[in-house]
Structure formats: structure tokens, C-alpha cells
Amino acid sequence: MKKIFIALLGVMSIAGVANAQKKTSGAIQFENTIDPAAMASASGIQLTDQMKARMPSSSKTNFELLFTATNASYMPVEETEDSNGAGGGGGGMGRMMMRFGGGGGNREYYYTFADKSLTEVFDLNDTTYYMPSKLTLSTSGPIGSMRMGGGNPNDTTKAKPAPAPTIEVVKTDSTKQILGFTCHQAIVRSTRAIKILDMDKNVVEETKIWYTKDLGFDFSPNPNMWTEGAVLAIEGRGNSSIAKSIEYRNVSSKDVTAPKKAKLITAEEYKTKMENMMKRFRQNRPGGGQGRAFGMN
């Protein structure tokens, strides 16, 4: 009887170790939702009915986080769909908003847990680039600033930079269960002075971050919106990213390693490229950029 008991303990111990090893790798499915009109409203922009009619009322994209004990990758798993049934055409607005704001779009993100480093991989002008970065809380605020009018309408040579917002992080006592994990709430409050139709206005934006330390690694579906732990939900006005399911399974190391066939680009080099692209766009559009439109900084 004693031998049987010892044997059972051995089997249970092996099973426990195997189960623990299994839970160090797997996949988490996220759903990103964007409402462009609500995001514009959160930034203080009043849209006309005609502008709203051209926007999808909501745009959803599914993403997958693959993780091991040391690394992770995060990328889209299907095309964006919008609630107006516009398919790829309407979904383009959602992808554009995510591409400028970080955390998704047509990009791939590769995380290294040891030093919280991040590699962003994307295509630009038929070239695949990789850009090193880190998990961080962006000083540009939860939602990219938007500007309508103001300044010299004939000046199309450069973008008009918006002043940096005041960022405040409030950690609350609120908790909620996401995928069986206890998640804690951090509220990121951004106060920004913007100009709308030549009028100065303060816009306050709040984004709720729900994170857990139970997974044992640091991660955020938007690498610019992170305070600590593994973020399983980000909730802002008109946009959200929420973990919907988790599956523990074996994940190959190559699936969480950035591709080697890519060209290095620094954040400054990328910024310069985007500024030049926007400059060419403004110069080539009808009227030479004299019309008033809203832009993002």
C-alpha cells in the first residue's frame, strides 16, 4: 500500500510539473474595437453629419499574442471588419488610426520579457523594416492629438506640432476578472491644449488599463500604453483592446522571434520618413493644402 501511495505521488508530481511547463506558453486572442467618430469627439473635434456618414460606426480587428517563457509576438490574424458592412474599404480607417496610434494595424510586435524590449516590424515603401523599442507609457497621450484649422492655411511645408500633454497615472483599488486572472486598474489621464478652428481648448482624455501580474511577464497590446504587468484590456473613448480567450499550448521559438530579413530603422529615422511623406501628401493634394482638414500629430 505504501508503494502504491508513493507511486501515485510520483505520478501527480510529474503531472504537476508538466502542467506548470504547459502554462508557460500559449496563445491569447484579443479583439480591438475602434469608433473613429467617438475618438474624434474625445479629442474635441465636432464632426459634421456628412463626415460621420463616411466613417464606419465601429471597426473590429482580431489579434493573437503567442508567448513562451521568455518571448512573445503580437499580430493581426484577420482583416478588419466594420459595423457598416464596408469591409476592407471602411476598415481602412480603423487600421489607419491604429497605425498612427500604435498597438496593431498591419504591424507585428516581438517582445523580450527579460529587458521589456520590443521589436516592431512593418512594411513601408516596399521595404520591410524593424524598429527597436521598449514597453512604455507614451507622453503623447492615450489618443493621438487632432488639429483642425489654425495657423497659415497656405503653409504646407511642415506639420504644426501640438504641445505635449500633461500625463497623470492613477492606480485605483478596482479589480476585475479577465480570462480568470485578477486584473488591476490604472487610469491614464491626459490633458492637452489644442486649437480647433482658431480656438484654444483643453481636452481631457482618460484611458483605463487593466493589467495582471499572474501571467509572470510584461506585455501590452499597445506598447505605448503600459504601466506594469501583462495588460489584458485597454479601454478608451471610442477604442478598446480586450483579451477574449487563452489557450495553453506549445509555441515554437521562431513564432516569437523577429524575422531577420528586415532593415533596421530608428525611431528618429521613421519619424523623418513619415514627416516627408505627409509633406508630399499636402503638396500634392488639390488646392495645395489650402483647405482646412483635421490631422493627427
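Is Tyr 111 buried or exposed? With a relative accessibility of 1%, Tyr 111 counts as buried, because the cut-off for buried is under 20%. Keep in mind as you look around that this is a predicted model.

**The main core**

Let's start with the largest nonpolar core, which has 31 residues. Tyr 111 is one of the residues with the most contacts inside this core, together with Ile 28, Phe 30, Leu 65, Tyr 74, Phe 217 and Leu 232. Strands S1 (26-34), S2 (59-67), S3 (71-76), S5 (108-112), S10 (181-196), S11 (199-212) and S12 (230-236) each give two or more residues to this core. S12 gives the most, with five residues.

Ile 28 offers a good view of the surroundings. Leaving aside neighbours within four places in sequence, Ile 28 is in contact with Phe 63, Glu 64, Leu 65 and Phe 67. The contacts of Ile 28 also include Leu 179, Leu 215 and Leu 232, as well as Ala 243, Ser 245 and Ile 246.

Another core lies apart from this one and has seven residues, among them Phe 122, Tyr 129, Ile 265 and Tyr 270.

**Aromatic pairs**

Now for the rings: a search of the whole structure finds nine aromatic pairs. Here are two of them.

| Pair | Geometry | Centre to centre | Angle between planes |
|---|---|---|---|
| Phe 63 and Tyr 74 | stacked | 5.1 Å | 10° |
| Tyr 111 and Phe 219 | edge-to-face | 5.1 Å | 70° |

The stacked pair links distant parts of the chain, with Phe 63 in strand S2 and Tyr 74 in strand S3, eleven residues apart. Phe 63 is buried, at a relative accessible area of 0%, and Tyr 74 also counts as buried, at 1% relative accessibility.

What does the edge-to-face pair tie together? Tyr 111 belongs to strand S5, while Phe 219 sits in the loop between S11 and S12, so the pair joins parts that are 108 residues apart in sequence. Phe 219 counts as buried, with 0% relative accessibility.

These four residues also come together in a wider arrangement: ring pairs link Phe 30, Phe 63, Tyr 74, Tyr 111 and Phe 219 into a cluster.

**A charge over a ring**

One more ring deserves a visit. Phe 122, from the core of seven residues, has Arg 107 over its face, at 4.2 Å from the ring centre.

Key: Residues are numbered from 1 along each chain as its sequence is written. This is a predicted model: local features need pLDDT of at least 70, side-chain atom pairs count only at pLDDT 80 or more; totals for chains, interfaces and linings use all residues. Side-chain values use heavy atoms; hydrogens and water are left out. A nonpolar core is a set of buried Ala, Val, Leu, Ile, Met, Phe, Trp, Tyr and Cys residues joined through side-chain atoms within 4.5 Å. Buried means under 20% relative accessible area, exposed over 50%, partly exposed in between (1.4 Å probe, protein chains only). Helices (H or I, at least four residues) and strands (E, at least two) are DSSP runs, numbered from the N terminus. Contact means heavy atoms within 4.5 Å. Rings of Phe, Tyr and Trp (its six-membered ring) pair if their centres lie within 6.5 Å; planes under 30 degrees apart count as stacked, over 60 as edge-to-face and the rest as tilted. A charge sits over a ring if NZ of Lys or CZ of Arg is within 6 Å of the ring centre and within 35 degrees of the ring normal.
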